[in-house]
2 protein chains.
Amino acid sequence: MTTSPARTRLSPAARRAQLLELGAHLFATRSVDEISIDVLAEEASVSRGLLYHYFGSKQDFRLAVIRHAVEDLVEKTAPPAEGEPIERMLASLGVYVDYVLANLTLYRSLVRAAAGGTDEIRALYETGRFALTDRIFREDAEGQILTDTPQSRLVVRGWSAMTEEMVLTWADDPSVMTRDELLAVLALSLPALVGTSLPDE
Amino acid sequence: MTTSPARTRLSPAARRAQLLELGAHLFATRSVDEISIDVLAEEASVSRGLLYHYFGSKQDFRLAVIRHAVEDLVEKTAPPAEGEPIERMLASLGVYVDYVLANLTLYRSLVRAAAGGTDEIRALYETGRFALTDRIFREDAEGQILTDTPQSRLVVRGWSAMTEEMVLTWADDPSVMTRDELLAVLALSLPALVGTSLPDE
């Protein structure tokens, strides 16, 4: 940091957003449990009082950091507006993989916290997962990638769990396959899966 | 229960196994956290002292019940010795789906506990998952179903996460597709996935 955020004149909303950005960098390599006002205060030279003012409580701060990370992931993985469906899927998955790698400790702990932890964290995780997969069914300039049926929603949910599991496992040992091979498996598997599930279409 | 297990003459190993069987029935509809010596003692009219004698402690009893459930799942889902690979896979998956349905509360809570909970429970869960997927690579009378490579191991791990997610989601709303359709998606998806991942073979 070359400038201290506490000394910059900003609107309250912009200051809060700036603090969350700082938090995003700081907590990418820490677990959900380690997200704390104390750490941000210390590492970014911001007063604890200011952080409590903006975020309310330790737990609200933790949830705000997680929400920011989830929204950031959803935003960054938006597929490009144009191109073949498979190319757009590959681009989106590439950003997803890079995001998970860059935030590996936080992401892994979020998956665990969502599975085993509090309802609020699980809700944030599910919101993110929904946003990441729902776009597969939304109409856009290029049309829907998949037909929106309860069956294909179920398959996409399974595919989403598979994607997360494979990316997190691959991150532990990237020598198993190249990043491009991983992306190809993930992107091609979705039409392959839907092909197995909708034999009547 | 028409007979009380405490009054039947059995070897210690057989008595312990019988108590675990009782526990398996009793805790199928309860969560991991609810597995307790007190509940089994009350519902099966067995003395607490006897249960502590066989299982050591509350936590050891909980782990023994989970281990028994995992081993039971692995044993019951062993594919038939003969038949086409896809038929054997369908048979095994059919048992898996029925087992999850019959033990839904316990299974769902085990997945959560494994993700978020103690190392011992996670280890039991991972052991079961390994046993369920490793057999796909083992030689048997009909040969391996898949070539054993680090790439196909990664894909099978993803497929396994997908299977679990889809079965648990489907269990909440089985009207989405029939049991046979679900089994077909799961069984056919494995070769479809491996096909996308091994373009050079």
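**Exercise 1: the nonpolar core.** Find which residues touch the most other members of the largest nonpolar core in this predicted model.

*Solution.* Start with the core itself, which has 124 residues. Among these, A:L182 and B:L182 touch the most other members. Next, look for the element that gives the core its largest share: that's helix α8 (residues 150-172) of chain A, with 10 residues. Now zoom in on A:L182. Skipping residues up to four places away in sequence, A:L182 touches A:V97, A:M166, A:V167, A:W170 and A:M177, plus B:L154 from chain B. As a general rule, nonpolar side chains in soluble globular proteins tend to be buried together.

**Exercise 2: a serine in a helix.** Work out whether A:S109 is buried or exposed, and which residues it contacts beyond its sequence neighbours.

*Solution.* First, place the residue: A:S109 sits in helix α6 (residues 104-116) of chain A. Its relative accessible area is 13%, and buried means under 20%, so A:S109 is buried. Then leave out neighbours within four places in sequence, and you're left with A:R30, A:S31 and A:V32. A:S31 is 78 residues away from A:S109 in sequence, yet their C-alpha atoms are 5.3 Å apart. Finally, follow the side chain of A:S109 to the backbone nitrogen of A:V32, at 2.8 Å.

**Exercise 3: two helices crossing.** Describe how α1(A) and α3(A) are arranged.

*Solution.* The axes of α1 (residues 12-27) and α3 (residues 48-55), both in chain A, come within 11 Å and cross at roughly 110°. That angle makes α1(A) roughly perpendicular to α3(A). Sort the residues of their contact by type and you get seven nonpolar, two charged and no polar.

Conventions. Residues are numbered from 1 along each chain as its sequence is written. Chains are lettered from A and ligands numbered from 1 in the order in which they are written. This is a predicted model: local features need pLDDT of at least 70, side-chain atom pairs count only at pLDDT 80 or more; totals for chains, interfaces and linings use all residues. Side-chain values use heavy atoms; hydrogens and water are left out. Axes are lines fitted to C-alpha atoms, for helices over the stretch in contact, and angles run from 0 to 180 degrees between N-to-C directions. Helices (H or I, at least four residues) and strands (E, at least two) are DSSP runs, numbered from the N terminus. Angles under 35 degrees count as roughly parallel, over 145 as roughly antiparallel, 65 to 115 as roughly perpendicular and the rest as oblique. Ala, Val, Leu, Ile, Met, Phe, Trp, Tyr, Cys and Pro count as nonpolar, Asp, Glu, Lys and Arg as charged, and the others, Gly among them, as polar. Buried means under 20% relative accessible area, exposed over 50%, partly exposed in between (1.4 Å probe, protein chains only). Contact means heavy atoms within 4.5 Å. A polar contact is a pair of N or O atoms within 3.5 Å; within protein, one must be able to donate a hydrogen and the other to accept it, and residues adjacent in sequence count only if both atoms are side-chain atoms. A nonpolar core is a set of buried Ala, Val, Leu, Ile, Met, Phe, Trp, Tyr and Cys residues joined through side-chain atoms within 4.5 Å.
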